[in-house]
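Dear colleague,

I am passing the structure below on to you, and my notes on it follow. Please read them with the coordinates open beside you.

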Amino acid sequence: MAALLLGAVLLVAQPQPVPSLPAGPEVPRQLGPQEPMRTAALLSEAPLPDGAPPNGSVRQLPQTIIIGVRKGGTRALLEMLSLHPDVAAAENEVHFFDWEEHYSHGLGWYLSQMPLSWPHQLTVEKTPAYFTSPKVPARVHSMNPGIRLLLILRDPSERVLSDYTQVLYNHLQKRKPYPAIEEVLVRDGRLNVDYKALNRSLYHVHLQNWLRFFPLGHIHIVDGDQLIRDPFPEIQKVERFLKLAPQIHASNFYFNKTKGFYCLRDSGRDRCLHESKGRAHPHVDPKLLNKLQEYFHEPNQKFFELVGRTFDWH
């Protein structure tokens, strides 16, 4: 009898096979609402290249993604959200869902790009290009259909100018020439509708693609212009959307007169965004600026109807 009992114990103690994660470029099936967390727990047990993680910490697939928009204020939003003790943010833009080379590595690679966090923390990553990439919504939905998405938007015309300014400075740093903004915006006397920066500001077009896979209630739209003027109320709305306890306070923000925008105060330490943020836009002829604003008038109205709210855009 003792031998039979011993045999039964050994049979129960046999390790059960762990299902492997898909390694190909496409996830073949949708994951249930809790599966991303179980997957993260399984993968977090693998040895890490920089040694064992602190006791109790894991890498989790993001429960929230800042999907865009480029030059909408995504870095500012991530830095402000990182003030919350229950948020763990990926430091760099991961580009998992929009870059084929990264996506082909599978969810295991994606998880390895996430920060170590405590199980109760919310992991967040931001890649602004996700919003305007056609393949991304379906891929995110396949990973986790219940994920909460953050989308920060600015006045489309101002966003175009910021987009141009970033590319201009990138060329200047490399000592490469770049055409004046009038040459980029205008072709044959008309707005150059093939200019990619204009397309990125057609918010209703890109949001419709996301709404094919996610209900509007899963996408919180942050007013990027308001975040610049008065960040605390916008961050409060984000906390509520993410079901986070209110841990970010008005005292965490202070206006830096030298830089001309709000900086952060965390545990007595002050920090501002990188100097590349908040650059002055090049001067634009008022007539051209008016033409740009007129171009976005109808698309803006379509966007307002889509989301059921308006924004203070030109």
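I begin with helix α12, which spans residues 231–241 and whose buried residues are Pro 231, Phe 232, Glu 234, Ile 235, Val 238, Glu 239 and Phe 241. Please keep in mind throughout that this is a predicted model. The buried residues of α12 pack against a mixed set of helices and strands, namely α3 (74–81), β6, β9, α11 (224–229), β10 (253–256) and β11 (261–266). Just after α12, Lys 243 adopts a positive phi of about 60 degrees.

Two of those packing partners, β6 and β9, belong to an open sheet of five strands, whose order is β3-β5-β2-β6-β9 and whose pairing is parallel. The edges of this sheet are formed by β3 (87–89) and β9 (219–223), each of which pairs on one side only. From one strand to the next, the twist averages 25 degrees.

Within the sheet I looked most carefully at β5. Strand β2 (residues 64–68) runs parallel to β5 (residues 122–126) and is joined to it by three bridges; Thr 64 stands opposite Val 124, while Ile 65 has Glu 125 as its bridge partner. Three bridges also join β3 to β5, again in parallel, and here Ala 88 is partnered with Thr 123. In a regular strand, side chains alternate between the two faces of the sheet. In β5 both faces are covered, with Leu 122, Val 124 and Lys 126 buried on one side and Thr 123 and Glu 125 buried on the other. Since five of the five residues of β5 are buried, the strand is largely enclosed by the rest of the structure.

As for the interior, nonpolar side chains tend to be buried together in soluble globular proteins. The largest nonpolar core here has 33 residues, and the members that touch the most others are Phe 97, Tyr 110, Trp 210 and Phe 303. Two or more residues each are given to this core by β2, α5 (107–112), α6 (136–143), β6 (148–153), α10 (203–211), β9 and α13 (286–307). Leaving out residues up to four places away in sequence, Phe 97 touches Ile 65, Tyr 103, Tyr 110, Tyr 130, Val 136, Arg 139, Val 140 and Met 143. A second, separate core consists of 27 residues, among them Met 80, Leu 81, Val 124 and Ile 152.

Helix α13 also holds Asn 300, and you may wish to ask whether this residue is buried or exposed. At a relative accessibility of 4%, Asn 300 falls under the 20% limit and therefore counts as buried. Apart from neighbours within four places in sequence, Asn 300 is in contact with Pro 156, Trp 313 and His 314.

Finally, the structure holds one disulfide, formed by Cys 263 and Cys 272, with their sulfur atoms 1.8 Å apart. The link is right-handed, with 105 degrees about the S-S bond. Its two ends are set differently with respect to the surface: Cys 263 is buried, at a relative accessible area of 1%, whereas Cys 272 is partly exposed, at 29%.

With best wishes

Terms used
Residues numbered from 1 in each chain as written. Predicted model: local features only at pLDDT ≥ 70, side-chain atom pairs only at ≥ 80, totals over all residues. Heavy atoms only, no water. Pairing = 2+ DSSP bridges. Helix = DSSP H or I, 4+ residues; strand = E, 2+ residues; numbered from the N terminus. Axes fitted to C-alpha atoms, helices over the stretch in contact; angles between N-to-C directions. Core = buried A, V, L, I, M, F, W, Y, C linked by side-chain atoms within 4.5 Å. Buried < 20%, exposed > 50% of the residue type's maximum accessible area, 1.4 Å probe, protein only. Contact = heavy atoms within 4.5 Å. Disulfide = S-S within 2.5 Å.
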